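User: Could you take a close look at one part of this model for me, and walk me through how its pieces fit together?

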Amino acid sequence: MSGDHPSAPLLEVAGLSVAFATRHGVVRAVRDVDLSLRAGECLAVVGESGSGKSVTARALLGLAGAGARVTARTLAFEGRDLRTLGGGQWRRLRGRRIGYVLQDALTSLDPLRRVGLEVAEALEVHGLARRDDLDDQVIRLLTEVGVPDPRVRFLQYPHELSGGLRQRALIASAIAAGPALLVADEPTTALDVTVQAQVLGLLEERRRRGTALLLISHDLAVVARLADQVAVMFAGEVVERGPAAALLSSPAHPYTADLLAAVPGLDDPDAPDATDGPEAPHGPDASDARGGPGGPGGPVRGLPIVRTGPAATTGCPYAPRCALADDRCRSEPPPPVSYGEGGPEGEDHMVRCFHPGRERPAAAFETPVAPVRVKNRAVVSVRGITKRYRSPDGSRRTAVGDVSFDLRAGEALGLVGESGSGKSTTARIVLAEIVPDTGTVLLDGEPWSGLRERDRRSRRSRIQLVDQDPLSSFDPRFTVERVVGEAVPGRMPRRRRRERAAALLGQVGLDPALLDRVPARLSGGQRQRVAIARALAPGPEVLVCDEPVSALDVTVQAQILALLARLRREAGVALLFISHDLGVVRQVCDRVAVMKDGRLVETGAVADVFRAPRAAYTAELLAAVPRIDPGRTAGERPHAAVTLEGHP
Amino acid sequence: MPPLARRLTRRLALTLFVLWGAATFAFAGMRLVPGDPARVIAGGVQANATPQVLDAIRDEYGLREPIVVQYARFLGRLLRADLGGSYQLGRPVSRVIGEQIGATLALAAGAAALGFGLAVALATLTAGRPRLRALSRAVEFCSISTPNFWIGILLLAAFSFHLGWFPVIGDDGPAALVLPCAALALPIAGVLAQVTREGLERALDQPFALTARARGATEHRIRVRHALRHAALPVLTLSGWVLGELLAGTVVVETVFARQGLGHVVVAAVRGRDFPVVTGVVVLSALVFSLINIAVDLLYGLADPRIGAAA
């Protein structure tokens, strides 16, 4: 096995391309990708959704899907040419030599099979365990990945496990047969920060034991901790690749720099942060720029449509979004060039850019404006609300317990907590969607939560919701005009309503030409802007934002956060901002309330809470946030840069 | 009370309510049809019964009493599981049903097994395979849109008259059961195959199927060990419908194949307005329906552990 030689790469990929034939033409999801990975090394592939990173990973397992055409100059694993493998040979490789971990173990483990059976499957199909020995092996594996009470968990179903335990079980199933390479596709995306830190620790442990890791993520901060090498993908191409330390400290490609700038930080509160960054009125959204949803071809599998005509071959794919783009960028594709001095062991730092490492013009950033004036009048007063639910086993569970806070006019209050902490239930009580068991909510000092719906209706317009998943809150057959126009109160002729809707779109930085689109043909960022426009239509005093950017790519996320910050200044709305992401809250909010198990554990000004948390739980949350150390320089040991606590 | 016991109690109470409703509708239906019940009992209009005979019948069957009293009596007998005597056959209804139910059960059970089996096999083989799927869909649509009796006649023509593999009529031995079962099962299999295949395809699209593939599992294993169970839920939901199809179908199929069975009895009873027999069959059908639905409800929990936790 060539993987035993430390110098020979375990995995070698050159010129990998994956194309899908669809009704709308050929979609070239992955183009000319070079990767190489040695045993015990971690390569991180980073990019936004649709960048082709998952397709690349699946191609390495021969699972690019029906209709995929995979071509490569080199595609070798452990010295074997993968291009010539037949179906049976692929199957013998999968699970046994290459393990695969997907995100969200709730759907990646068969929900109808016991956890033990799922973990055992790889051993079973490869005939690696005798039947009477199988259970013991599975229990040993579960113990190895840090699942407590493996003998109990073994017989449970995935839904009976917490998210973290599920992900551990999924990892156990992927490493069961002792693969030399573990491909992990967004392994921590659906997890809370503390659990995320633990799962990353587990992967780090595997690498220490000699398993090579191919880590795929949309989040640079997550991979910064583990990666030896980083490859940044955009629109199906690797635009920059190099040793992690060099790439993160001195990014050569403007997209990498944008990604780094968009990572919500916890450390530099006074620096002009990314919220005031690339958001520009009428600015095109990320997916727009690359001709994705809304383009003439329509969305296909969430991938950018790359025409095979002359247009496909001209220019840098990032040019439409790039602050540095000039005529040459738009007309000819930049070839890969070496950049900087590379890694300590002479690894190459490659970039596809005509202007590698150049400072982006400061004009692309909005200058920070004067802080918003917060009036000392509470628009929403939450007084000791409690909500209990009955569990299936008959016991009563406290979703929200004795929570009190005030939201002042014009203020942005962050409500932070992990899943199940009661933050969304609190939001729904504030919106008077559900009635608290005890306690009250006052709106403008008047009763709100205890009223009959009939008495509330006239004041509903004062408090509006922006959801995590706007698409499901739109009627799919409505055009944007109807979605937004419907929310404008009062009777008026259709033309005036359309004008109002157009004005609202302008307010959230969308082109009024989108009025006639249906939501399905908008990009994720555009949808969220439409949702915000709709929420603004009745002229509310309060916007309740429930995880408004969780489903978005980091660069788009930064744009939406910037928009919310601007609307706060211009429209003077107060924000009740619910998020599991501390970095996001840090950017948007003045004050923060931390929830755990239905109770408020800490409330205070953002700066104070993040600098000196009083509650132990807040400190734990903060410590678990992955971050890129700003002081880190090329040549430093990459995985020492990020300090994390709380991993097993 | 544990949740399961609570659920079962609720379902059984609901069953009693359904039985009462079915019996009441049967009672009302037979009484609302114009005509004199006494004449029916005496042997129909053609029998030319004398007024004396009719009077005697009215006394004996309590037909002079107000309808409310008749209804109360009827329910009282039903509570004691007494279905009364057949007007036409002169024998207790329970015995009439008892003699015929065996043949019908064999037919229905055979058809159900064949229908489900055929559907699962077809769906597993053709899910996610466009060409096979197109072929299978064409066959399924044919079998769905062809009435039982016509399928029966075609089967008879092909396998009995032409090939001589199976007996033409009668109900002796398992060989005689094959064609009637097939005639009854084919339309059911057509619908179930489509539902099963859709469930399979949805399951095969899920991340866990990709995970299983990444473990090196064969396509067959992924379909049978993983996806099939996911497809079971919508199919289970259709069980009530299947039962209805079977009940309605037996009447036709028993006629086409000249078999003994409840279908035959019902047709004769309705035509002759044999009120106790019709009521007996209706109440029995309602009971079977309810029990099957309770069984399906329990099977849901077995098929999907998440439902057991949520209910």
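Analyst: Happy to! To set the scene, residues 11–260 of chain A are 38% helix and 27% strand, and their end C-alpha atoms lie 27 Å apart. Helices here are DSSP runs of H or I with at least four residues, strands are E runs of at least two, and both are numbered from the N terminus. The model is predicted: local features need pLDDT of at least 70, side-chain atom pairs count only at pLDDT 80 or more, and totals for chains, interfaces and linings use all residues. Residues are numbered from 1 along each chain as its sequence is written, while chains are lettered from A and ligands numbered from 1 in the order in which they are written.

Now for the close look, at a sheet in chain A. This open, mixed sheet has 6 strands, ordered 19-20-21-16-22-23. Strand 19 (463–466) and strand 23 (599–605) of chain A are its edges, each pairing on one side only; pairing requires at least two DSSP bridges. On average, neighbouring strands are turned by 15° against each other, ignoring direction.

Within the sheet, strand 16 (residues 412–416) and strand 21 (residues 574–579) of chain A run parallel, joined by 5 bridges. There, L415(A) sits opposite I578(A) of strand 21.

Helix 19 (residues 524–536) of chain A packs on this sheet, touching strand 19 and strand 20 (542–546), and its direction makes about 175° with that of strand 19. Contact means C-beta atoms, placed from the backbone, within 7 Å; angles run from 0 to 180 degrees between N-to-C directions, with axes fitted to C-alpha atoms, for helices over the stretch in contact.

Conventions
Two residues are in contact if their C-beta atoms, placed from the backbone, lie within 7 Å.
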